[in-house]
Structure formats: structure tokens, C-alpha cells
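Please work through the exercises below with the sequence and the model side by side, trying each task before reading its solution.

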Amino acid sequence: MSEEKQYWLLKTEPGEWSWEDQAANGGLTKWDGVKNKQAQKHLKSMKLSDLCFFYHSGAKARRVVGVVTVVREWYSDGGDDGMVDVKAVGEMRRPVDLKEMKGEKGLKGFALFRQPRLSVVPVPEDVWIRVCDLGGGYQGDGIVLESHDSDGESGEEEDG
């Protein structure tokens, strides 16, 4: 029996590690430096192919900007703390601000709001779907978008 996919939110200060840094690094990075024991427990619970919102925290930009997937489960390089490796899946078609999420009735009780300082947060599937809807999905999600060519004819193309 296979385990169900889990969803997460990973916070980072854009000045420390931004979505642009993630993309410039070939989309791959180790997610380390997590000190809080509860956040470490969440990292340890991550499984291959779990999806994570890439969230910019800080005073200027509190928003979901992209999606990454877990490509290596929890491991340690010999220190006290461990890490997971994540790879970029795609940028949100439209970033989803914290203020916008807080205004959504369907997102009430989301751990991001209850524990705002936690850097790794589990995301229930219904919350994942709603946040993706708010942002119009993300590049690489397999959603076919309708586009219009120069003649005004509509066609379908996969965003990716």
C-alpha cells in the first residue's frame, strides 16, 4: 500500500534564499538550517515526491511564490540538524499573499496562521488545492491553459 502524498509549506527570507536563488541553482537545494524541534519533526516526516509551497517570509513579502518537491528524504551531514533536498517544480502563476489567504474562509485554522513563526508547516490537501486555485496554479502542474494567437483564435497550450 502506497502512502498518500503530503503537502507542506517551507518558509524562507528572500534575502537569505529566494525563489530566484532556487531557480539559479538548477532548481535543486538542500533545505537546512531548521532549528525548531517541531519544524524538524515536519522535515523528518517528508517523503519523496511530497509537494511544498515555497513561501517568502519577512516584512516586505509574505507570500507563496512557487512549488518544490522533495527529492531526498531527511538526512544528516553529521551535525545535530538534518535536512531534505528539494527541487523546483514551478513558479506560482500569481503569488498568493498571506493577507489574501487570511481572508479566505476555507483556510481558517491553517497552521500558517496559528503558528506564524514555524518555518515548516504541514498543509492539508483542501488548503493546498485552495491556495493553488488562488494563485492560478503553478508552472508544471499539468493544467492546460487557454491561449489566444495573434488572429484571436483560441487554442490550448500547457503552461510549463
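**Exercise 1. Decide whether Arg63 is buried, partly exposed or exposed, and find its salt-bridge partner.**

Solution. In this predicted model, Arg63 has a relative accessibility of 27%. Buried would require under 20% and exposed over 50%, so Arg63 counts as partly exposed. The next step is to look for a carboxylate partner: the side chain of Arg63 meets that of Asp97 in a salt bridge, with 2.7 Å from N to O. Asp97 is itself partly exposed, at a relative accessible area of 32%. Finally, place both residues in the fold: Arg63 belongs to strand E4 and Asp97 to strand E5, so the salt bridge ties together parts that are 34 residues apart in sequence.

**Exercise 2. How many salt bridges does the model contain, and how exposed are the residues of the pairs Arg94 with Glu100 and Asp32 with Lys30?**

Solution. The count comes to six salt bridges, including the one between Arg94 and Glu100, whose closest N and O atoms are 2.8 Å apart. Of these two residues, Arg94 has a relative accessible area of 36% and is partly exposed, and Glu100, with 27%, is partly exposed as well. For the pair of Asp32 and Lys30, the closest N and O atoms are 3.9 Å apart, which falls within the 4 Å limit, so the pair counts as a salt bridge. Asp32 is partly exposed at 40% relative accessibility, and Lys30 is partly exposed with a relative accessible area of 41%.

**Exercise 3. Work out the strand order of the sheet, and explain why E2 and E6 have a side without a neighbour.**

Solution. Begin with the order, which is E2-E5-E4-E3-E1-E6 in an open sheet of six strands with mixed pairing. Strand E2 (28-31) and strand E6 (120-122) are at the edges and have a single partner strand each, so one side of each is left without a neighbour in the sheet. On average, neighbouring strands are turned by 35 degrees against each other, direction ignored.

The mixed pairing can then be followed strand by strand. E1 (residues 7-12) and E3 (residues 51-56) run parallel and are joined by six bridges, whereas E1 and E6 run antiparallel and are joined by three bridges. E3 and E4 are also antiparallel, with six bridges between them. The hairpin of E3 and E4 has six residues between the strands, and there Gly58 takes a positive phi near 110 degrees.

Individual residues can be used to check these pairings. Leu10 stands opposite Phe54 in E3, while its bridge partner in E6 is Val120. Phe54 in turn stands opposite Gly66 in E4. The bridge partner of Leu9 in E3 is Phe53.

**Exercise 4. Which residues of E1 and E3 point to each side, and are they buried or exposed?**

Solution. In a regular strand the side chains alternate between the two faces of the sheet. In E1, Tyr7, Leu9 and Lys11 point one way and Trp8, Leu10 and Thr12 the other, and all are buried. With six of its six residues buried, E1 is therefore largely enclosed by the rest of the structure. In E3, Leu51, Phe53 and Tyr55 lie on one side and Cys52, Phe54 and His56 on the other, and all of these are buried too.

Now look for what packs on the sheet: helix H2 (residues 37-45) does so, touching E1, E2, E4 (63-76), E5 (82-97) and E6, and its direction makes about 60 degrees with that of E6.

**Exercise 5. Which residues have the most contacts inside the largest nonpolar core, and what surrounds Leu134?**

Solution. The largest nonpolar core has 40 residues, and those with the most contacts inside it are Leu9, Leu10, Met46, Phe53, Val64, Met101 and Trp128. Leaving out residues up to four places away in sequence, Phe53 touches several residues, among them Leu9, Leu10, Val64 and Trp128.

Leu134 lies in helix H5 (residues 125-134) and counts as buried, at 10% relative accessibility. Beyond its neighbours within four places in sequence, Leu134 is in contact with Arg94, Val96, Glu100, Glu104 and Leu107. As a last step, compare sequence with space: Leu134 and Met101 are 33 residues apart in sequence and 8.3 Å apart from C-alpha to C-alpha.

Terms used. Residues are numbered from 1 along each chain as its sequence is written. This is a predicted model: local features need pLDDT of at least 70, side-chain atom pairs count only at pLDDT 80 or more; totals for chains, interfaces and linings use all residues. Side-chain values use heavy atoms; hydrogens and water are left out. Two strands pair if DSSP finds at least two bridges between them. Helices (H or I, at least four residues) and strands (E, at least two) are DSSP runs, numbered from the N terminus. Axes are lines fitted to C-alpha atoms, for helices over the stretch in contact, and angles run from 0 to 180 degrees between N-to-C directions. Contact means heavy atoms within 4.5 Å. A nonpolar core is a set of buried Ala, Val, Leu, Ile, Met, Phe, Trp, Tyr and Cys residues joined through side-chain atoms within 4.5 Å. Buried means under 20% relative accessible area, exposed over 50%, partly exposed in between (1.4 Å probe, protein chains only).
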